[in-house]
Amino acid sequence: MEQAQIDRAVALLGVGGVVAFPTETVYGLGADARNPAAVRRVFAIKGRPAEHPLIVHIASIDWLGFWAREIPAAAVELARAFWPGPLTLVLPRRHHVPDAVTGGQDSVALRMPAHPMALQLAAATGALVAPSANRFGRVSPTTAEHVRVEFGAAVDLVLDGGPCPVGVESTIIGLLGGVPRLLRPGGVALDRIEAVLGRPVERQDMGIRAPGLLPAHYAPATPLSIHARLDIAAVARDLLRQGRRVAVMTLGEAGADLPAAVHRLAMPTGAVAYARVLYATLRGLDGGGHDALLVEAPPDAPEWLAVRDRLGRAARAFAG
Ligand code: TXA
Ligand code: MG
């Protein structure tokens, strides 16, 4: 049954189809990376601006040289350490790489995903572009059901590989001009990457167009704001007094001071477990009739970088 679905997906991808599939991070909207018409359909379905580049998903480190014209030693070290897995490398592109994939930039983003379905599709197709399978600017999907709700019949097939174990997108490292730079925090913690490279990774971006790097992104429908644990009960009480319906996401169980009238969501206290359920929690709240979602700020520690980044972007979508 499952294999039949995968075979169908491979057949559809071979004729320019768009197939949503699971990766270990989030669900992707897949198309053959060497078929510009198929890639353009992905942009159209997502509502994504055409100049924003996509990640090429490959099934083996051996494909690096097909897409990238230079492969610095750091790229090989990182790929060996973290592939297959939630790490994307941005490298100088070869000239044949379609502009539809790179948004016309001189670089290409590459990753080898760990989910067995994603790997099978990438191996059978050669290479797949796969942006997160959500409408531009919205919360990424971590289940097949999220994708179906978001796109319905707009995609040719949605493969169901269960909930995504990582839950946030891949970490993106830029390796242009010799200096490793963090372009997006994600599934591989930055301190692990720095340990492999044996040097610090710079955090500022390079002026590259990357929607994940826009200040406001990953936005749920319910207005979200971030607060210190000490303030959250007072803010909730204020909103309740104004007649608002309030949900509160705490790290672990809420304190006794939190008003009984708020909808409580006790989030995991570990960064890995928190990331796994973050997007599903945000989606679950949407449509729940809440006027405000108050989120307790996670710790300012390296392993929380990706979660803090996504929460911060979601909050900025509603600020000012
Ligand atoms: O975990 C993931 O990476 C997921 C799964 C499906 O693999 N994919 C994903 O794709 O998050 P997307 O399109 O939602 O985000 C890709 C990010 C964007 O921020 C994009 O701008 C950046 O990668 N990117 C792609 N090519 C780039 C390039 N040449 N230079 C800099 N950033 C690039
Ligand atoms: Mg995305």
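A residue is taken to be near a molecule if one of its heavy atoms lies within 4 Å of it. In this predicted model, 27 residues surround ligand 1, and those that come nearest are Thr-25, Arg-48, His-57, Ser-107 and Ser-170.

The composition of this shell may be considered by residue class. Nonpolar residues number 14, while eight residues are polar and five are charged. Secondary structure elements contribute as well: strand 3 (55-57), strand 5 (107-111) and strand 9 (181-184) each provide at least two residues of the shell. Strand 5 gives the most, with four residues.

Specific polar approaches to the ligand can be followed through three side chains. Thr-25, one of the residues that come nearest to ligand 1, has an N or O atom in its side chain at 2.6 Å from an oxygen atom of the ligand. Ser-107, also listed among the nearest, places a polar side-chain atom 2.9 Å from a nitrogen atom of ligand 1. For Arg-111, the separation between a polar side-chain atom and an oxygen atom of ligand 1 is 3.0 Å. The ligand exposes 670 Å² when taken alone, and the protein buries 97% of that area.

A further feature concerns the backbone. The peptide bond that runs from Trp-83 to Pro-84 is cis, with omega near -10 degrees. Pro-84 itself belongs to the loop that lies between helix 4 (73-82) and strand 4 (87-92).

Note on methods. Residues are numbered from 1 along each chain as its sequence is written. Chains are lettered from A and ligands numbered from 1 in the order in which they are written. This is a predicted model: local features need pLDDT of at least 70, side-chain atom pairs count only at pLDDT 80 or more; totals for chains, interfaces and linings use all residues. Side-chain values use heavy atoms; hydrogens and water are left out. A polar contact is a pair of N or O atoms within 3.5 Å; within protein, one must be able to donate a hydrogen and the other to accept it, and residues adjacent in sequence count only if both atoms are side-chain atoms. Accessible areas come from the Shrake-Rupley method with a 1.4 Å probe; for residues, only the protein chains shown count as cover. Ala, Val, Leu, Ile, Met, Phe, Trp, Tyr, Cys and Pro count as nonpolar, Asp, Glu, Lys and Arg as charged, and the others, Gly among them, as polar.
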